[in-house]
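Colleague: Before planning further work, I should like to go through the strands and helices of this protein with you. Could the arrangement be set out step by step?

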Amino acid sequence: ALLAVDPGISVSVIYNGLNQASQAPVSPRDLAAFQARFGLGEGYVLAVGHLEARKNYPRLVDAMAALHSRGLTPSLVIIGNDSGEREVVESHVRAAGLAGRVHLLSGLSDQEVRCAYAACGLFVFPSTYEGFGIPILEAMAAGRPMVLSDIDVFREITQQQGVYFPPTDADAMADAMAQVLSSITEQDRIVGYGATRINDFSYRSLAEQVKVLYESKN
């Protein structure tokens, strides 16, 4: 069956949200246990999302290699289950000479993911395509600085207030990471913006938007 849509119809958008009650700060004990389990320190670059082609992780690995060549040497942690790209990513890691500096973690609990955000120095979202971007909200809730692919949905979520890079350019990705990692001022700006912006994605805020929209149509 075909669905006919009037091209002149008015469309209203209400975003996905994040249950902020589930994003409570992790305890020092839980954080230490997480780091010990996976052999992680602090200040690493974090990416969150299943290992699939659109997540662009091979290029992120290339960007990390470029970053290391500039004297900035954080580890990279990628959290996500394998959706067909793990071998490709691992091959890139070996080719880039980053074995032992890139950690691919899967099957983590929600608590462990929160710990991963808490210990990272920078969150990066290198996708070539996304319908939304829940990890951006998670990074905001965790109070972490971030750099993002220059795609429309990410600019919309962050209201043009982020640091962006073309997802097809590993050197530009490295530039963006270096820009934020090297500037406490820039980190504070991004974190401060996120602390305010995240409130727009609370369930209470989204419920109010649905209520207002419903009442406007009736």
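The exchange below concerns a predicted model and takes up the sheet, then the helix pairs.

Colleague: Which strands stand at the edges of the open sheet?

Modeller: Six strands form the sheet, in the order β3-β2-β1-β4-β5-β6, and their pairing is parallel. A strand at an edge has a single partner, so one side of it is left without a neighbour in the sheet. The strands in that position are β3 (102-105) and β6 (164-165).

Colleague: Which residue of β4 stands opposite Leu-46?

Modeller: Strand β1 covers residues 44-48 and strand β4 covers residues 120-125. These two strands pair in the parallel sense over three bridges. Opposite Leu-46, the residue in β4 is Phe-123.

Colleague: Through which helix does the chain cross from β4 to β5?

Modeller: β4 and β5 (residues 146-149) pair in the parallel sense, over three bridges. Within this pairing, Val-124 has Val-147 of β5 as its bridge partner. The β-α-β crossover that links the two strands is right-handed, and its helix is α5 (residues 134-142).

Colleague: What is the handedness of the crossover from β5 to β6?

Modeller: β5 and β6 are parallel partners joined over two bridges, and Ser-149 stands opposite Phe-165 in β6. Between these strands the chain passes through helix α6 (residues 152-157). This β-α-β crossover is right-handed.

Colleague: Is α2 roughly parallel or roughly perpendicular to α3?

Modeller: Two packed helices are described by the angle between their axes and by the distance between those axes. For α2 (residues 57-69) and α3 (residues 86-95), the axes are 9 Å apart and the angle is about 15 degrees. Angles under 35 degrees count as roughly parallel, and therefore α2 is, relative to α3, roughly parallel.

Colleague: How many residues of the contact of α2 with α3 are nonpolar?

Modeller: From α2, the residues taking part are Tyr-57, Pro-58, Val-61 and Asp-62. They meet Val-88, Val-89, His-92 and Val-93 of α3. One residue of this contact is polar and one is charged, while the nonpolar residues number six.

Colleague: How is α7 oriented with respect to α8?

Modeller: Helix α7 (residues 170-181) packs with helix α8 (residues 184-197) at an angle of about 95 degrees, with axes 6 Å apart. The contact involves Gln-179, Val-180 and Leu-181 of α7, together with Glu-186, Gln-187 and Ile-190 of α8. These residues divide into three nonpolar, two polar and one charged. Angles of 65 to 115 degrees belong to one class, and therefore the orientation of α7 to α8 is roughly perpendicular.

Definitions and conventions: Residues numbered from 1 in each chain as written. Predicted model: local features only at pLDDT ≥ 70, side-chain atom pairs only at ≥ 80, totals over all residues. Heavy atoms only, no water. Axes fitted to C-alpha atoms, helices over the stretch in contact; angles between N-to-C directions. Helix = DSSP H or I, 4+ residues; strand = E, 2+ residues; numbered from the N terminus. Parallel < 35°, antiparallel > 145°, perpendicular 65-115°, else oblique. Contact = heavy atoms within 4.5 Å. Nonpolar A, V, L, I, M, F, W, Y, C, P; charged D, E, K, R; others polar. Pairing = 2+ DSSP bridges. Right-handed = clockwise from strand over helix to strand, strands pointing away.
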